[in-house]
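Subject: Structure for you to look at

Dear colleague,

Here is the structure I said I would pass on. My notes follow it, starting with a single residue and ending with the overall figures.

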Amino acid sequence: MLTKKQLDLLNFIHRRLQKDGVPPSFDEMKVALDLRSKSGIHRLITALEERGFIRRLAHRARAIEILRLPENMGDASVAPTSAHAVPMGTHGGAPRPAVAQARPAASVVASLEIPVMGRIAAGVPIEAINQITHQIAIPQTMLSSNGKHYALEVRGDSMINAGINDGDIVVIRETDTADDGDIVVALIADEEATLKRLFRRNGKIALEAENPAYETRILSPDQVKVQGRLVGLIRSY
């Protein structure tokens with residue numbers, strides 16, 4: 001038997017997972033339940049976990065799985081839905097984190113491991129990326145059926161208006177081609193790697209930031225090599 005607050009919190013988490021594919025933050029839970037502090041949310045989360053309705057994943061920030069729901073909330077059981085990796089959708093040519101589609105209750109989200117190749121600059125370019133640091137699990141639905149994928153840790157804020165923040169992990173599909181407006185990993189003069197939006201203008205390559213504080217870089221085609229296109233990102237809270 002759940003208290004009203006426990007039921008309200010479980011319902012709020014469930015609705016957010018169904019809508020966005022990402023559980024709400026503790027601050028969002030506090031506001032939604034009109035509580036004065038996050039300590040009350042911690043107590044409610046612990047109670048739900050002890051009663052077998054949710055599970056918190058160790059060593060992962062903001063990661064909650066709903067294991068089952070009370071009968072009066074509809075589904076008696078729910079597959080784990082703690083995904084915090086989001087695919088990049090297209091809105092007017094500007095990729096942004098897309099709203100995840102609601103999953104059937106019985107579905108299981110498969111994942112694959114891809115290599116994290118180090119850091120990529122979303123600001124002033126840093127030295128080229130060429131070394132695997134570790135592996136990371138990515139929802140299989142984010143990855144294309146063809147082509148290889150890798151991940152990079154973002155450093156800098158030049159792509160912040162595209163929803164890409166400092167510290168995010170971006171998922172990249174390997175390719176040496178890109179359409180105008182794609183966000184790409186661009187290797188400049190075989191020395192510098194950067195994450196920018198690519199355009200072709202008057203025989204030149206424009207690498208454009210998504211932050212007005214950064215100038216667009218105009219380069220000749222032989223100075224720029226596309227090493228991949230952005231397909232998703234992962235954010236820790």
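Arg-155 is partly exposed, because its relative accessible area is 28% and that class lies between 20% and 50%. Please keep in mind throughout that this is a predicted model. Arg-155 belongs to strand S8, which covers residues 149–155. Beyond its neighbours within four places in sequence, Arg-155 is in contact with Arg-119, Ile-120, Ala-121, Ala-122, Gly-123, Asp-166 and Gly-167. For one of these partners, Ala-122, the C-alpha atom is 5.7 Å from that of Arg-155, although 33 residues separate the two in sequence.

Two other positions are joined to distant parts of the chain. Asn-211 sits in the loop between strand S12 (204–208) and strand S13 (217–219). Is Asn-211 buried or exposed? Its relative accessible area is 13%, so Asn-211 counts as buried, the cut-off being under 20%. Setting aside neighbours within four places in sequence, the contacts of Asn-211 are Asp-157, Ser-158, Ile-160 and Asn-161. Ile-160 is 51 residues away along the chain from Asn-211, yet their C-alpha atoms are separated by 6.3 Å.

Ile-218 lies in strand S13. Again leaving out neighbours within four places in sequence, Ile-218 is in contact with Lys-204, Ile-205 and Ala-206. Between Ile-218 and Ile-205 there are 5.7 Å, C-alpha to C-alpha, and the pair is 13 residues apart in sequence.

Next, the backbone. Most residues other than glycine have a negative phi. Which residues in the loop between S10 and S11 are worth checking against that? Ala-189 is in this loop, between strand S10 (183–188) and strand S11 (192–201), and has a positive phi near 55°. Asp-190 is found in the loop between S10 and S11 as well, with a positive phi near 60°. Neither residue is a glycine. Ala-189 counts as partly exposed, at 41% relative accessibility. Asp-190 is partly exposed too, with a relative accessible area of 49%. A positive phi also occurs at Gly-21, just after helix H1, where the value is about 75°.

That leads to the helices. H1 covers residues 4–20. Its 17 residues should span 24 Å at 1.5 Å a residue, and because the end C-alpha atoms are 24 Å apart, the expected and computed spans agree. The buried residues of H1 are Gln-6, Leu-9, Leu-10, Phe-12, Ile-13, His-14, Arg-16 and Leu-17. An α-helix has 3.6 residues a turn, so residues three or four places apart point the same way. What covers the buried residues of H1? The cover includes helix H2 (26–32), H3, strand S1 (54–56) and strand S2 (64–66).

How do H1 and H3 cross? Two packed helices are described by the angle between their axes and the distance between the axes. The axes of H1 and H3 (residues 38–50) come within 10 Å and cross at roughly 85°. This angle falls in the range of 65 to 115 degrees, and H1 and H3 are therefore roughly perpendicular to each other. On the H1 side the contact is made by Lys-5, Gln-6, Leu-9, Leu-10 and Ile-13. On the H3 side the residues are Ile-41, Leu-44, Ile-45, Ala-47 and Leu-48. By class, this contact has eight nonpolar residues, one polar and one charged.

Finally, the overall figures. The protein has three helices and 14 strands. Of its 237 residues, 47% are buried. The accessible surface comes to about 12,600 Å², and carbon and sulfur atoms account for 49% of that area. Among contacts between residues at least 6 apart in sequence, 59% join residues at least 24 apart. The pairs Arg-155 with Ala-122 and Asn-211 with Ile-160 can be looked up in the model as cases with separations of 33 and 51 residues.

Regards

Notes. Residues are numbered from 1 along each chain as its sequence is written. This is a predicted model: local features need pLDDT of at least 70, side-chain atom pairs count only at pLDDT 80 or more; totals for chains, interfaces and linings use all residues. Side-chain values use heavy atoms; hydrogens and water are left out. Axes are lines fitted to C-alpha atoms, for helices over the stretch in contact, and angles run from 0 to 180 degrees between N-to-C directions. Helices (H or I, at least four residues) and strands (E, at least two) are DSSP runs, numbered from the N terminus. Angles under 35 degrees count as roughly parallel, over 145 as roughly antiparallel, 65 to 115 as roughly perpendicular and the rest as oblique. Contact means heavy atoms within 4.5 Å. Ala, Val, Leu, Ile, Met, Phe, Trp, Tyr, Cys and Pro count as nonpolar, Asp, Glu, Lys and Arg as charged, and the others, Gly among them, as polar. Buried means under 20% relative accessible area, exposed over 50%, partly exposed in between (1.4 Å probe, protein chains only). Accessible areas come from the Shrake-Rupley method with a 1.4 Å probe; for residues, only the protein chains shown count as cover. The expected span of a helix is 1.5 Å times one less than its number of residues.
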